[in-house]
Protein chains: 2
Amino acid sequence: MDLDVARQRSQENDTKIVLFVIDGLGGLPHPDTGRTELETAHTTQLDMIAKRSLCGFTLPVGAGITPGSGPGHLALFGYDPMVYNIGRGVLEAVGIDFDLQPSDVAARGNFATIDDDGLITDRRAGRISTERCAELVAGLRQIDLDGAELFVEPVREHRFVFVLRGEGLSDEIADTDPQKEGVKALEARSTADGGDATAALVAKFAKEAEKYLADKAPANQLLLRGFAKRPSWPSMAEVFKMRPAAIAHYPMYRGLAKLVGMETLDVGPTIEDSLATLQESWGSYDFFFVHYKYTDTAGEDGDFDRKVEKLEEVDAAIRGIVELEPDVLMIAGDHSTPAVMAAHSWHPVPFMMTAPNARADGCDMFNETTLRKGSLGTIAAKEALPLALAHAGRFTKYGA
Amino acid sequence: MDLDVARQRSQENDTKIVLFVIDGLGGLPHPDTGRTELETAHTTQLDMIAKRSLCGFTLPVGAGITPGSGPGHLALFGYDPMVYNIGRGVLEAVGIDFDLQPSDVAARGNFATIDDDGLITDRRAGRISTERCAELVAGLRQIDLDGAELFVEPVREHRFVFVLRGEGLSDEIADTDPQKEGVKALEARSTADGGDATAALVAKFAKEAEKYLADKAPANQLLLRGFAKRPSWPSMAEVFKMRPAAIAHYPMYRGLAKLVGMETLDVGPTIEDSLATLQESWGSYDFFFVHYKYTDTAGEDGDFDRKVEKLEEVDAAIRGIVELEPDVLMIAGDHSTPAVMAAHSWHPVPFMMTAPNARADGCDMFNETTLRKGSLGTIAAKEALPLALAHAGRFTKYGA
């Protein structure tokens, strides 16, 4: 749904909506058993909810498109992920909770290895340790750029964030990362009018960095890509007339929630921590995005059994949400992460919504096979929130 | 999917994809048996493939829209048929394998009958024979147009193709065919700036043709419509990073394949010919469009039993494709042609895709009833190819 349509229809009321995101929820059958992670896990609570829910699948971005965490979540927040696109640099900055200002320009940085001729031999500098990355970054921070404030922040292994802060900066800067080996890092250059001054700052940084890194092999070069500014998007509060809160422990998801104007609440790493925060803050907000990360991590690690365990952990905890009696409860995933693929995938993601006036589909289990019987079929993930708002009585009639 | 999105996501690899198009595939129940053509045919091979496939239906263009062969195929090639629209003149030229140049202007021609006052009494000239059409066309070719080269080619019965070749020609020319009887043929006129010279050439041709045809009743007039230039579209090779080949015997389908940049391979008229060509060229391409025509012909003829036979012919041959072990095999139709309607129709078309990491739906037969249990539901036909590319590992992640 277009945000303008949502804005015209939305109205406040006293209902509570919970969007519980089980990261990387969808899966594929284990070759030995023919059963997916959800089909393998014992999920009594989820199955009980399924019986009285509207059931189906969400398609995060589009047919065949494997989403990253950014698009996968934005869609569930009601934002069309093809329209509300986040530059890589911003996502990386957001992912470490860097307080990006609207005029900042951020890029993702990689330490890399070059040979004596300056040709890249390893785009990841042998995946140096995060500690080594922090040391190198501390050195890079000393580079003096006349015309902008410089921030360099370690992320993990060979990855860091590069941020310029100042007046009139442009993010129309081409990557210096050629995205292949055997060639040199590219010169910083502007891709649009008015970007030359910023490109010159980046070029100066790159040059000084090359000097500083010269004797730091395997991290003797750096590559920058995805120059971007923090987008200025309509907030969920303004569009959907809700007070939205995010209960997410990991910086990336907190950052995404902030981009759509959610309050990010303090929360520990466990699902019990999430429940405690949800209970404490229940009176203060009317939309809660609760994020559970460990299913995705297990999936990405290709650990089928651990993903199953994590689904059972979710199942045991979910009663804590149900007992709060939210008017609308959505159980969703930002994308599928089948353990057999050890990666995000394009597959539609199991979804259910329990709410007053929902046409319950009576699916007796919450998994990839049973949900096919649901009446939702496969909907665009961005339609889930409008549907929740309707069931919560938060959407007015269209036309007389 | 927008081609720009596909272009950004697509990457090369070593996989092979086969799109097998069974023309006019979908059907409707026979009034005596209540079973569709597919439900009547014994299709052991197709049913076996269905059990391990992602199943559902494709909607060629949109709800309720009956597609011609052009849009039906373009959608399966991944091109939005509402955006990639082929002018009638071009489709007609392509349909007879006329080697249309980018600057040519083509129109579809009809021989017609007029009375003594010049009023059209039959827009199809009593459907003269194709032989007679060829004779008349030979006469029309003698018309001398100062300023452009003229081609007139017979198609079938009263239909022919009219092509102007030269510099600076415009296709913004209104039809001379009024599309009704009891009125005169319309004057050729330009509908946009810069088209007057071309309109004058068409007007001169029409005037000379009228003289030549004066004593050729019932074909004593001609009507032109659908002036168009050959579109210049992004190629499948460029957008999807594949080497695509078409195995199609009929000129129309070869022409459509050429419009999206496929190599058109030499192939005989039978399904065995198609298989032989597929086997021979297996190493040279990575995407194969294999076209089977005769199901559509039988459907258009209203011959239910023959359509059933042709489906069984397909079924017997399909093992030859399976044995090549394509990474992704799509069994699709460009549209439905229910024998009981003896025409193309708007009905969603049976579809299945077998691929690694496909969530097999376990549909135990390939027909209009069983496929309803498939997880795909009804997808836009233009989404089929992106989905195949994802399953073939040819799409990169969207967003981090």
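The following exchange examines a predicted model, taking chain A first and then its relation to chain B.

Visitor: How many helices and strands does the secondary structure of chain A comprise?
Guide: This is a predicted model, and the answer applies to chain A of it. Its secondary structure comes to 14 helices and 13 strands.

Visitor: What radius of gyration does chain A have, and what would a compact globule have?
Guide: The C-alpha atoms of chain A fill a box of roughly 65 × 55 × 35 Å along the principal axes. A compact globule with 400 residues would have a radius of gyration near 21 Å, and the value for chain A agrees with this. For chain A the radius of gyration is 23 Å.

Visitor: What percentage of the residues in chain A is buried?
Guide: A residue counts as buried if 20 or more other C-beta atoms lie within 10 Å of its own C-beta atom. Among the contacts in chain A with a separation of 6 or more, 72% are between residues 24 or more positions apart. Of the 400 residues in chain A, the buried share is 54%.

Visitor: What distance separates the centres of domain 1 and domain 2 of chain A?
Guide: Domain 1 of chain A consists of two segments, 3-86 and 233-391. Domain 2 spans 100-228. Taken over C-alpha atoms, the centres of domain 1 and domain 2 of chain A are separated by 36 Å.

Visitor: Is helix H9 of chain A largely enclosed or largely open, and which elements do its buried residues pack against?
Guide: Helix H9 of chain A covers residues 251-259, and 7 of its 9 residues are buried, so the helix is largely enclosed by the rest of the structure. The buried residues include Met252(A), Tyr253(A) and Arg254(A). They pack against helix H4 (69-76), helix H5 (88-95), E8, strand E9 (263-264) and strand E10 (287-292) of chain A.

Visitor: Which residue just after H9(A) takes a positive phi?
Guide: The phi in question is about 80°. The residue just after H9(A) with this positive value is Gly261(A).

Visitor: Is Asn357(A) buried or exposed?
Guide: Asn357(A) lies in the loop between strand E12 (349-354) and strand E13 (377-380) of chain A. Although not a glycine, Asn357(A) has a positive phi of about 65°. A residue is exposed if 12 or fewer other C-beta atoms lie within 10 Å of its own. With 9 such atoms within 10 Å, Asn357(A) is exposed.

Visitor: What is the burial class of Lys241(A)?
Guide: Lys241(A) is found in the loop between helix H8 (236-240) and strand E8 (244-247) of chain A, and its phi is positive, near 55°. There are 17 other C-beta atoms within 10 Å of Lys241(A). This count places Lys241(A) in the class partly exposed.

Visitor: Which residues does a cis peptide bond join in chain B?
Guide: The proline of this bond is placed in the loop between helix H7 (196-213) and strand E7 (221-228) of chain B. Omega is about 10°. The residues joined by the cis peptide bond are Ala217(B) and Pro218(B).

Visitor: Why is His158(B) classed as buried?
Guide: His158(B) is found in the loop between strand E5 (149-156) and strand E6 (159-165) of chain B. Residues that His158(B) touches include Asn110(B), Phe111(B) and Cys133(B). His158(B) is buried because its count of other C-beta atoms within 10 Å is 27.

Visitor: What kind of axis relates chain B to chain A?
Guide: A rotation of 125° with 0.1 Å of shift along its axis superposes chain B on chain A, with an RMSD of 0.3 Å. This is the relation of a three-fold axis.

Visitor: Which element supplies the largest share of the side of chain B that touches chain A?
Guide: The contact takes 17 residues from chain B and 24 residues from chain A. Strand E13 (377-380) and helix H14 (384-391) of chain B each supply at least two residues of the side of chain B that touches chain A. By class, that side has 9 nonpolar, 4 polar and 4 charged residues. The largest share, 4 residues, comes from H14(B).

Visitor: Which residues have the most contacts inside the largest nonpolar core?
Guide: The largest nonpolar core has 259 residues. One of the residues asked for, Met330(B), touches Val18(B), Leu19(B) and Phe20(B), among others. The residues with the most contacts inside the core are Phe20(A), Met330(A) and Met330(B).

How values were computed: Residues numbered from 1 in each chain as written. Chains lettered and ligands numbered in written order. Predicted model: local features only at pLDDT ≥ 70, side-chain atom pairs only at ≥ 80, totals over all residues. Core = buried A, V, L, I, M, F, W, Y, C linked by C-beta atoms within 7 Å. Contact = placed C-beta atoms within 7 Å. Rg over C-alpha atoms; globule rule 2.2 N^0.38 Å. Domains from an automatic or database assignment. Least-squares fit on C-alpha atoms with pLDDT ≥ 70 in both. Nonpolar A, V, L, I, M, F, W, Y, C, P; charged D, E, K, R; others polar. Lists of a residue's contacts leave out its neighbours within four places in sequence.
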